[in-house]
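Welcome! Take a moment to look over the chain before you start, and then try each exercise yourself.

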Amino acid sequence: MRSLRLGAAMLALALVAAACSDDETPNEAANGDPVSTTTTRAASTTTTQPLVTTPTSEPPETTTTTVAPPEDAADTTTTLAPTVSVAAPPPPGNLRCVGGNGDNELLVEFDALPNPAEISRIRTYLQIDGEPILTNGEFTVDQVDTTRDGGARWAAPVRRVPANVPVKLYATSFNQLGQESGWYSVDGLYTGAGAPCGTAADIVLPPPTCTAGCDEEEGEPGT
């Protein structure tokens with residue numbers, strides 16, 4: 001009887017010991033194998049979106065600060081000179097065609113200009129038998145003959161004048177600012193070196209030759 005009680009007590013102690021051993025090793029499986037712990041990390045996926053800047057407020061107002069100059073500052077105001085209206089110079093007047101001494105040269109003679117110191121140059125023009133008016137020569141006052149009629153008349157040359165062809169001569173004046181005057185014209189006709197300037201009336205031209213639609217007996221154009 002005592003042996004049975006002793007055996008029962010030892011069995012109870014064995015069960016208590018086994019229970020305590022299971023509590024102290026929670027990571028071991030019931031079959032006694034160790035528990036393997038596996039940690040799995042998910043792949044990290046990053047998506048980059050375009051940066052969009054959205055204004056959240058109106059732009060700041062610009063503030064202008066005006067700083068007054070000190071009282072002792074120098075006056076920087078620029079005063080422009082008044083505009084001066086200068087009249088164009090007077091045109092040479094009372095033109096006359098005069099024979100020249102050079103080959104194919106005529107002179108255009110005119111009244112002396114007032115205030116010669118204000119005249120920078122004289123320009124001559126030539127028009128041949130109704131063709132366009134062309135510049136012919138340009139001269140300073142010193143290069144112009146200013147001694148005619150005791151200085152009352154001036155004369156400037158017109159060159160390269162064709163012989164026996166009706167022409168018109170022109171002359172203009174320039175002031176010191178480069179403004180050109182108007183002009184007058186005079187008829188002329190060059191007949192030879194040193195010969196007086198002629199006019200169309202001084203030259204007897206041959207009668208026109210009729211080529212069509214004329215009276216054969218009279219030799220004149222038909223009416």
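Three exercises with worked solutions follow, all on this predicted model.

**Exercise 1.** Work out which parts of the model carry the highest and the lowest confidence.

Solution. Start with the whole protein chain: its mean pLDDT is 72, and 51% of its residues reach 70 or more. Next, go through the elements: strand 6 has the highest mean pLDDT, 97, while strand 10 (residues 220-221) has the lowest, 39. Finally, look at two stretches with pLDDT below 50. Residues 78-85 make zero contacts beyond near neighbours in sequence, whereas residues 216-223 make nine such contacts.

**Exercise 2.** Trace the open sheet of four strands and find its edges.

Solution. Begin with the strand order, which is 1-2-6-5, with antiparallel pairing. Strand 1 (96-99) and strand 5 (145-148) pair on one side only, which makes them the edge strands. On average, neighbouring strands are turned by 40° against each other, direction ignored. Now step inside: strand 2 (residues 106-111) and strand 6 (residues 153-158) are joined by six bridges. One pair to locate is F110 with its bridge partner W154 in strand 6.

**Exercise 3.** Find the largest nonpolar core and follow one of its residues outward.

Solution. This core has 22 residues, and those with the most contacts inside it include F110, I122 and W154. Strand 2, strand 3 (119-128), strand 6 and strand 7 (167-175) each supply at least two core residues. Now pick I122: leaving aside neighbours within four places in sequence, its contacts include F110, W154, F139 and V144. As background, nonpolar side chains tend to be buried together in soluble globular proteins.

Methods:
Residues numbered from 1 in each chain as written. Predicted model: local features only at pLDDT ≥ 70, side-chain atom pairs only at ≥ 80, totals over all residues. Heavy atoms only, no water. Pairing = 2+ DSSP bridges. Axes fitted to C-alpha atoms, helices over the stretch in contact; angles between N-to-C directions. pLDDT = per-residue confidence, 0-100. Contact = heavy atoms within 4.5 Å. Core = buried A, V, L, I, M, F, W, Y, C linked by side-chain atoms within 4.5 Å. Buried < 20%, exposed > 50% of the residue type's maximum accessible area, 1.4 Å probe, protein only.
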